[in-house]
Amino acid sequence: MTLWRIRATVDDRPGYLSVLTASLALRGVNILTVQVHTTEHGAVDDFLVDAPDTLAEADLIAAVERGRGRDCWVARSEARGLADQPTRVLGLATRLVHDPDATGEVLRALLGADEVTWRPAPAVARSGIDGATMLLADPNGGSYALHRVAPSFTPAEYARAQALLELGATAGRRATEQVTVVLPDGAELTVRPAVADDLAAVVELHEGCSARSRQRRYLGGAGQPPPARLRRLLEPARGLTLVAVTTGSGGAAESVVAMANLLAEGDEAELALLVRDDWQRRGLGSTLLRRLTRQAESTGYAAMVLHVQADNAPMLRTLRRLSRTTTVERDAGLLTLTVPLTADVPTPVERAG
């Protein structure tokens with residue numbers, strides 16, 4: 001038996017695919033996998049088949065045409081074609097995340113392209129497919145041009161390739177946005193933007209904080225915020241959330257020990273911090289506050305607002321370390337502190353303390 005790839009267009013009507021598969025079965029062809037690509041001209045069916053050694057390319061094309069298939073393309077395949085397609089794509093995505101420089105090779109492997117070329121010019125409105133050519137927008141700037149003699153590219157393949165590029169670009173941005181921070185006591189941890197997958201670790205962070213720490217952060221009570229609220233805080237519609245992460249010794253799983261939220265409303269951004277009790281008074285809060293202040297400035301917010309209990313001396317000390325002009329309004333035991341921001345303030349050197 002011999003492995004073949006067959007791609008053909010079939011009218012997207014009930015029973016037409018079964019006619020094609022029956023025609024192949026009459027020639028002793030065993031269909032191993034099938035993918036369906038929806039197009040304007042019909043359903044493009046992509047088969048991996050196991051056919052008798054006596055069948056040649058012309059025989060397979062004839063069988064497809066008798067089964068009401070058209071625009072048939074047939075080529076020999078290899079054993080690696082037996083890999084589950086979603087598993088194969090996930091493997092390529094993993095490679096791209098770990099090695100962004102392999103983008104061209106990943107696209108070539110994903111689509112079986114004959115040529116992959118990066119161009120500095122953006123794709124703009126020209127992105128898309130045109131038979132044997134595909135043009136993809138590079139999220140980092142520029143564009144990728146792909147060429148494949150046969151078969152023609154499909155919209156589904158274009159969508160997969162563009163999604164893979166977006167994934168690689170997002171992973172690359174995350175890598176550049178994270179920094180390693182050394183606290184005054186020598187402890188090292190990573191500060192990075194939060195993602196949705198941090199939810200479980202952030203729930204553990206709240207469980208590891210004392211009721212007093214949670215009450216100072218959320219003001220209204222010392223209970224555990226529901227997961228739905230924490231999920232919104234991790235990826236706010238406007239603003240940014242940072243997490244401070246430490247990795248346990250011996251390769252233990254990473255642990256989130258602090259979370260800092262910058263939540264925007266209008267031209268102002270509200271800031272709040274939560275630091276696990278055993279990491280308080282070590283300079284971590286000051287580090288997170290400085291980073292979010294710079295983020296708020298670079299984004300162009302007019303001011304940063306913090307709501308702090310009047311007896312929360314640690315947070316007030318942390319804010320004073322910013323050495324910024326601050327206006328204070330008091331409502332019983334609650335202070336509202338407003339820090340005006342200007343985009344041209346020199347960025348200080350990052351130093352925990």
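**Salt bridges, charge patches and a few unusual residues**

Let's start with D11 and R70, whose side chains form a salt bridge with the closest N and O atoms 2.8 Å apart. D11 sits in the loop between β1 and α1 (16-26), while R70 belongs to strand β4 (residues 70-76), so this contact ties together parts that are 59 residues apart in sequence. On the accessibility side, D11 is partly exposed, because its relative accessible area is 29%. R70 is partly exposed as well, with a value of 32%. Before I go on, please keep in mind that what you see on the screen is a predicted model.

How many salt bridges are there? The count comes to eleven. Another one is R7 with E157, where N and O are 3.1 Å apart. Here R7 is in strand β1 (residues 2-10) and E157 is in helix α5, so the pair links distant parts of the chain, 150 residues apart. Is this pair buried or exposed? Both R7 and E157 are buried.

Now a third example, D278 with R276, whose closest N and O atoms are 2.8 Å apart. D278 has 45% relative accessibility and therefore counts as partly exposed. R276, at 18%, counts as buried, because the cut-off for buried is under 20%. Which residues are joined into one network by salt bridges that share partners? They are R5, R7, D46, R148 and E157, and you will recognise R7 and E157 as the pair we just met.

Let's move to charges on the surface. There is a patch of positive charge made up of R281, R317, R320 and R321. R281 lies in the loop between β13 and α9 (284-299), and with a relative accessible area of 69% R281 is exposed. R320 is placed in helix α10 and is exposed too, at 58%. While you have R281 in view, look for P314: the two are 33 residues apart in sequence, and their C-alpha atoms are 7.7 Å apart in space.

There is also a patch of negative charge on the surface, where E265, D267, E268 and E270 gather. Taking E270 from that group, you can find it in strand β13 (residues 268-275). Its relative accessibility is 38%, so E270 counts as partly exposed.

Next, some backbone details. Which peptide bond is cis? The one from A150 to P151, with omega near -5 degrees. To find P151, go to the loop between β8 (143-147) and α5 (155-177).

Two residues that are not glycine have a positive phi. In S323, phi is near 55 degrees. S323 sits in the loop between α10 (313-320) and β15 (327-331) and is exposed, with a relative accessible area of 67%. A332 also has a positive phi, of about 55 degrees. You can see A332 in the loop between β15 and β16 (334-340), and at 60% relative accessibility A332 counts as exposed.

Finally, the cysteines. A disulfide is a covalent bond between the sulfur atoms of two cysteines. How many disulfides does a search of the whole structure find? Zero. Two cysteines to look at are C72, which counts as partly exposed because its relative accessibility is 22%, and C209, which counts as buried at 5%.

Thanks for listening, and do turn the model around as we talk.

Key. Residues are numbered from 1 along each chain as its sequence is written. This is a predicted model: local features need pLDDT of at least 70, side-chain atom pairs count only at pLDDT 80 or more; totals for chains, interfaces and linings use all residues. Side-chain values use heavy atoms; hydrogens and water are left out. Patches are made of residues with over 30% relative accessible area and no salt bridge: like charges are joined within 9 Å, nonpolar side chains (Val, Leu, Ile, Met, Phe, Trp, Tyr) within 5 Å. Accessible areas come from the Shrake-Rupley method with a 1.4 Å probe; for residues, only the protein chains shown count as cover. A salt bridge is a side-chain nitrogen of Lys or Arg within 4 Å of a carboxyl oxygen of Asp or Glu. Lys and Arg count as positive and Asp and Glu as negative; His and the chain ends are not counted. The place of a charge is taken as NZ of Lys, CZ of Arg, CG of Asp or CD of Glu. Helices (H or I, at least four residues) and strands (E, at least two) are DSSP runs, numbered from the N terminus. Buried means under 20% relative accessible area, exposed over 50%, partly exposed in between (1.4 Å probe, protein chains only). A disulfide is a pair of cysteine sulfur atoms within 2.5 Å.
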